[in-house]
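Me: I am in my first year and would like a close look at one part of this model. Please take the disulfides and what surrounds them.

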Amino acid sequence: QVQVVESGGGSVQAGGSLRLSCAVSGYNYSSKCMGWFRQAPGKEREGVAAIYLGDIGSVSTYYGDSVLGRFTISQDNAKNTFYLQMNSLKPEDTAMYYCAAKPCFPWGDLLSESEYKYWGQGTQVTVSS
């Protein structure tokens with residue numbers, strides 16, 4: 001049973017930073033694909049960032065256009081935890097943020113929510129102006 005648990009959300013002023021964490025258990029694949037998504041009220045869920053960890057040590061990251069250059073996805077293999085470092089936050093970044101996991105193969109668009117099988121419950125991020 002794969003479990004995904006997010007933490008680290010909160011309230012911050014525009015220009016500030018937050019780091020979200022995603023703890024994953026029961027995710028026993030040689031390569032790993034994880035994604036961060038967000039959903040603001042009245043809007044569709046949006047792919048924010050994703051990471052592919054290959055079984056031979058390769059790493060690839062992917063970002064949505066709206067966060068490119070401001071957000072960074074990373075991992076701590078020892079802790080089986082993934083992170084989303086969010087800098088230069090804007091009010092339009094306000095949303096519920098979700099972490100998700102999927103088997104990497106068959107391969108697909110890692111920023112597409114339809115690709116993912118395992119989801120966390122979400123953590124709220126609020127950015128005030």
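Reply: Here is a walk through the disulfides, then a sheet, then one buried loop residue.

This is a predicted model, so local features need pLDDT of at least 70, side-chain atom pairs count only at pLDDT 80 or more, and totals for chains, interfaces and linings use all residues. Residues are numbered from 1 along each chain as its sequence is written, and side-chain values use heavy atoms, with hydrogens and water left out.

Start with the bonds. A disulfide is a covalent bond between the sulfur atoms of two cysteines. Here the term is applied to a pair of cysteine sulfur atoms within 2.5 Å. The structure has two of them.

One joins Cys22 to Cys99, with 2.0 Å from S to S. Its torsion about the S-S bond is about -85°, so this disulfide is left-handed. Cys22 sits in strand β3 (residues 18-25) and Cys99 in strand β9, so the bond ties together parts 77 residues apart in sequence. Strands (E, at least two residues) are DSSP runs, numbered from the N terminus. Both Cys22 and Cys99 are buried, meaning under 20% relative accessible area with a 1.4 Å probe, protein chains only.

The other joins Cys33 to Cys104, with 2.2 Å from S to S. The torsion about the S-S bond of Cys33 and Cys104 is about 120°, so that disulfide is right-handed. Cys33 lies in strand β4 (residues 32-39), while Cys104 lies in the loop between β9 and β10 (118-119), 71 residues away. Both Cys33 and Cys104 are buried. Count the bonded cysteines along the chain, and the pattern is 1-3, 2-4.

Now follow β3 into its sheet. Four strands form an open sheet in the order β1-β3-β8-β7, with antiparallel pairing. Two strands pair if DSSP finds at least two bridges between them. β1 (3-7) and β7 (71-76) are at the edges with a single partner strand each, so one side of each has no neighbour in the sheet. β7 pairs with β8 (residues 81-86) over six bridges, in the antiparallel sense. Asp76 stands opposite Thr81 in β8.

Past β8 comes a loop that leads to β9 (95-102), and Asp93 is in it. Asp93 is buried, because its relative accessibility is 0%. Its side chain reaches the backbone nitrogen of Lys90 at 2.8 Å. Leaving out residues up to four places away in sequence, Asp93 touches Arg38, Arg70, Phe71, Ser88, Val125 and Val127. Touching here means heavy atoms within 4.5 Å.

Key: Buried < 20%, exposed > 50% of the residue type's maximum accessible area, 1.4 Å probe, protein only. Polar contact = N/O pair within 3.5 Å; in protein donor to acceptor, adjacent residues only side chain to side chain.
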